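Please work through the exercises below with the structure in view, trying each task before reading its solution.

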Amino acid sequence: MMIISRITITALMRTVPIENIDTDEVQSALPRNPYIPAIQRSVQAVLVILAVMALAAAWGVDVLALTNRGSSAGNIARAIFNIVAAVLVADLIWQLARTAIDTRLSIRTEDLNDASIARRNARLQTLLPLLRKFLLVILTSMVGMIILSAIGVDIGPLLAGAGVIGIAIGFGAQALVRDIVSGIFFLVDDAFRIGEYIEIGDLRGTVEGISIRSLRLRHHRGAVHTIPFGEMKSLTNYSRDWAIVKLEFRVPFDTDLKLVKKIVKQIGQELMQNPEIGSNILEPLKSQGVRRMEEYNMVVGVKFTAKPGEQFTIRREAYHRIRDAFDAHGINFASRDVTVRVSPDAGPKEVAKATLAAAQVFTDSHPLKGG
């Protein structure tokens with residue numbers, strides 16, 4: 001016990017004095033709950049109301065009793081109380097909901113390692129901004145109705161009139177309703193998400209923004225396309241799960257196909273071991289052999305599977321390596337040339353005649369476009 005006591009006393013004596021502790025540094029090191037500001041704001045508002053009531057009580061005014069009276073002052077006090085209560089409750093709901101949504105949106109999809117969690121987060125990144133706008137409109141409308149009711153306005157005819165106006169707008173703006181309804185079903189089907197590369201008709205680009213009635217695409221050259229949901233019959237999504245890329249190379253008929261296969265396999269292994277792009281390859285580069293025979297050459301196929309969005313970088317590197325490897329092993333790419341062979345004893349007239357015949361064959365097989 002004496003040994004333990006001495007050790008404890010020594011540890012206490014070596015602790016840093018309180019006056020030397022930086023409180024700002026300690027507070028910054030502690031994890032901060034994102035909901036604390038919203039709760040503090042509501043608590044401050046309640047404290048202000050309680051302070052006003054206490055001050056009124058000190059002056060001899062009973063606020064609660066005043067609100068129960070049928071006089072004009074009582075009606076005004078009751079209206080103020082209802083308005084303040086509605087605003088405070090709506091503000092608390094909005095602050096908590098917005099904080100929850102913003103906290104969720106701050107999580108970046110590319111930082112998540114689990115693929116299923118990353119897909120779920122990407123979908124939330126698409127839907128939560130729309131939910132935030134919808135919630136703001138609902139809360140604003142409800143608070144507005146409560147305020148009108150508190151000041152003595154009969155909101156029954158307003159609600160009925162709003163319904164009639166909504167029906168009239170629905171008939172008069174069928175395209176707008178179609179855009180909204182189509183957008184809802186596209187989002188429910190999870191057809192696209194923020195940041196994905198899609199194609200709609202002749203337009204393609206990265207999904208940059210989604211509103212209640214339209215989709216905004218950013219083309220890879222910088223142009224922005226705004227497409228109403230109602231105009232979208234179908235779309236192609238290039239950013240889901242995986243992407244298969246097929247490459248074609250034209251080689252002469254006398255090319256050693258076994259050597260080509262060996263070269264492609266070696267390049268595939270090198271790409272898999274590349275620290276920059278290897279992790280983005282799902283299936284390595286491999287040869288598919290001869291795909292078809294053409295008039296002047298053979299067409300050799302090569303393919304690989306990669307993560308969506310990363311296939312372009314891998315394809316570029318594959319092109320570079322295959323070109324250099326073919327050149328190093330003496331494999332030439334085929335060209336559509338016409339070879340003229342004449343006898344060594346042929347005279348100038350025979351050479352000219354053979355050259356003209358070859359030129360005619362080339363012209364017939366490669367007609368000029370546009371006349």
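Accessible areas come from the Shrake-Rupley method with a 1.4 Å probe, and for residues only the protein chains shown count as cover. The model is predicted, so local features need pLDDT of at least 70 and side-chain atom pairs count only at pLDDT 80 or more, while totals for chains, interfaces and linings use all residues. Residues are numbered from 1 along each chain as its sequence is written, and side-chain values use heavy atoms, with hydrogens and water left out.

**Exercise 1.** Describe the protein as a whole, beginning with its surface.

Solution. The accessible surface comes to about 25,500 Å², and 61% of this area belongs to carbon and sulfur atoms. Turning to burial, where buried means under 20% relative accessible area, exposed over 50% and partly exposed in between, buried residues make up 25% of the 371 residues. The secondary structure comes to 11 helices and eight strands, these being DSSP runs numbered from the N terminus (helices: H or I, at least four residues; strands: E, at least two). Finally, if contact means heavy atoms within 4.5 Å, then 59% of the contacts between residues at least 6 apart in sequence join residues at least 24 apart.

**Exercise 2.** Find which parts of the chain the salt bridge of R240 and E196 ties together.

Solution. Side chains of opposite charge can pair when their charged atoms come close. The term salt bridge is used here for a side-chain nitrogen of Lys or Arg within 4 Å of a carboxyl oxygen of Asp or Glu, and the structure holds 16 of them. In one of these, the side chains of R240 and E196 meet at 2.7 Å, N to O. R240 lies in the loop between β5 (236-237) and β6 (243-251), and E196 in the loop between α8 (174-188) and β1 (197-200), so the pair ties together parts that are 44 residues apart in sequence. R240 is partly exposed at 23% relative accessible area, whereas E196, at 7%, is buried.

**Exercise 3.** Decide whether each partner in two further salt bridges, E199 with R204 and R323 with D324, is buried or partly exposed.

Solution. E199 and R204 meet through their side chains at 3.1 Å, N to O; E199 has a relative accessible area of 18% and is buried, while R204, with 31%, is partly exposed. For R323 and D324 the N to O distance is 3.0 Å, and here R323 is partly exposed at 48%, as is D324 at 43%. Elsewhere, salt bridges that share partners join E248, R250, R291, R292 and E294 into one network.

Technical notes: Buried < 20%, exposed > 50% of the residue type's maximum accessible area, 1.4 Å probe, protein only.
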